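The following exercises concern a protein structure and its empty spaces, its helix packing and its backbone geometry. Please attempt each task before reading the solution.

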Amino acid sequence: MSRARVRPRLIAITDLSVAPAELLVARLGGLVASAAPGSVMLQLRDRALPIRERALLGERLARVARASGQLFAVNDRVDLAMLLGADAVHLGEASMDADAARRLAGPELFVSRAVHEPSAPALGADALVLSPIAAPRKGRPALGVAALSARSDALVYALGGVDAATARACLDAGATGVAVIGAVLDGRPVEPLLDALGIRR
């Protein structure tokens, strides 16, 4: 898929500490089936998993995403993204730059990058995932939705405490979309979040 056509409204990030694999796949399956096609990206994170287990989980998630016309991404491992035929790769702040990732995986690879400062450089990434926005995360204070003003060099996604109650405010502040973990994995109904984002099927 062309990078220009990749513009999800919701990025759902995996975390096996929130939901074990079977429940995680089931909950994400329910999410993507309830959302408009192309509006959700499932992102394989779980970096502590042995690579074989991570690849097997990625295969399952890629199938779930494609069955509902959604997108699939892999954190950091460009080789794994290529193996799984991912639409995108998400890079950490200390990872390679986006152009290096595209030299490996091809020029149409959609690349997002984690940042913690609103003015952080995009380094060629198509999107920036800015955190934490709505709640403190990993010892960092919440930046607030004011940090989400639209940028001309990259799409911006809000991460950190974002849920159905705060998602609309993130969009109104200039975010392209939101990235969530608990809001889709901890058992809460997903329909209010999808409604807040305007992407319920």
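**Exercise 1.** Determine how much space lies in the largest pocket of this predicted model, and describe its lining.

*Solution.* Step 1: the largest pocket holds about 260 Å³ of space. Step 2: its lining comprises 19 residues, and those closest to the centre of the pocket are R45, R47, H90, A114 and R137. Step 3: two elements, β1 (10-13) and β4 (88-91), each give two or more residues to this lining. Step 4: sorted by class, the lining of the largest pocket contains 7 nonpolar, 6 polar and 6 charged residues.

**Exercise 2.** State how many cavities of 30 Å³ or more the whole structure contains, and characterise the largest cavity.

*Solution.* Step 1: rolling a probe the size of a water molecule over the atoms reveals where empty space remains. Step 2: a search of the whole structure yields 1 cavity of 30 Å³ or more. Step 3: the volume of the largest cavity is about 40 Å³. Step 4: the residues lining the largest cavity are V115, P118, L128, L130, A147, S149, R151 and V156. Step 5: by class, this lining has 6 nonpolar residues, 1 polar residue and 1 charged residue.

**Exercise 3.** Describe how helices α1 and α2 pack against each other.

*Solution.* Step 1: a pair of packed helices is described by the angle between the axes and by the distance between them. Step 2: for α1 (residues 21-34) and α2 (residues 51-67), the angle is about 20° and the axes are 10 Å apart. Step 3: angles under 35 degrees count as roughly parallel, and α1 and α2 are therefore roughly parallel to each other. Step 4: the crossing of α1 and α2 is right-handed. Step 5: α1 contributes E22, L24, V25, L28, G29 and V32 to the contact, while α2 contributes L57, R60, L61 and V64. Step 6: the contact of α1 with α2 thus consists, by class, of 7 nonpolar, 1 polar and 2 charged residues.

**Exercise 4.** Identify what is notable in the backbone at P132 and at D76, and locate both residues.

*Solution.* Step 1: most residues other than glycine have a negative phi, and most peptide bonds are trans. Step 2: the peptide bond from S131 to P132 is cis, with omega near -5°. Step 3: P132 is placed in the loop between β6 (127-130) and β7 (155-159). Step 4: D76 is not a glycine, yet its phi is positive, at about 65°. Step 5: D76 belongs to the loop between β3 (71-75) and α3 (78-83).

Note on methods
Residues are numbered from 1 along each chain as its sequence is written. This is a predicted model: local features need pLDDT of at least 70, side-chain atom pairs count only at pLDDT 80 or more; totals for chains, interfaces and linings use all residues. Side-chain values use heavy atoms; hydrogens and water are left out. Axes are lines fitted to C-alpha atoms, for helices over the stretch in contact, and angles run from 0 to 180 degrees between N-to-C directions. Helices (H or I, at least four residues) and strands (E, at least two) are DSSP runs, numbered from the N terminus. Angles under 35 degrees count as roughly parallel, over 145 as roughly antiparallel, 65 to 115 as roughly perpendicular and the rest as oblique. A crossing is left-handed if the near helix is turned anticlockwise from the far one by less than a right angle, and right-handed if clockwise. Contact means heavy atoms within 4.5 Å. On a 1 Å grid over the protein atoms alone, a cavity is a set of points where a 1.4 Å probe fits but cannot get out, and a pocket is an open set with protein on both sides within 12 Å along at least five of seven lines; lining residues have an atom within 4 Å of a point. Grid points are joined across faces, edges and corners, and a volume is the space filled by probe spheres set on the points.
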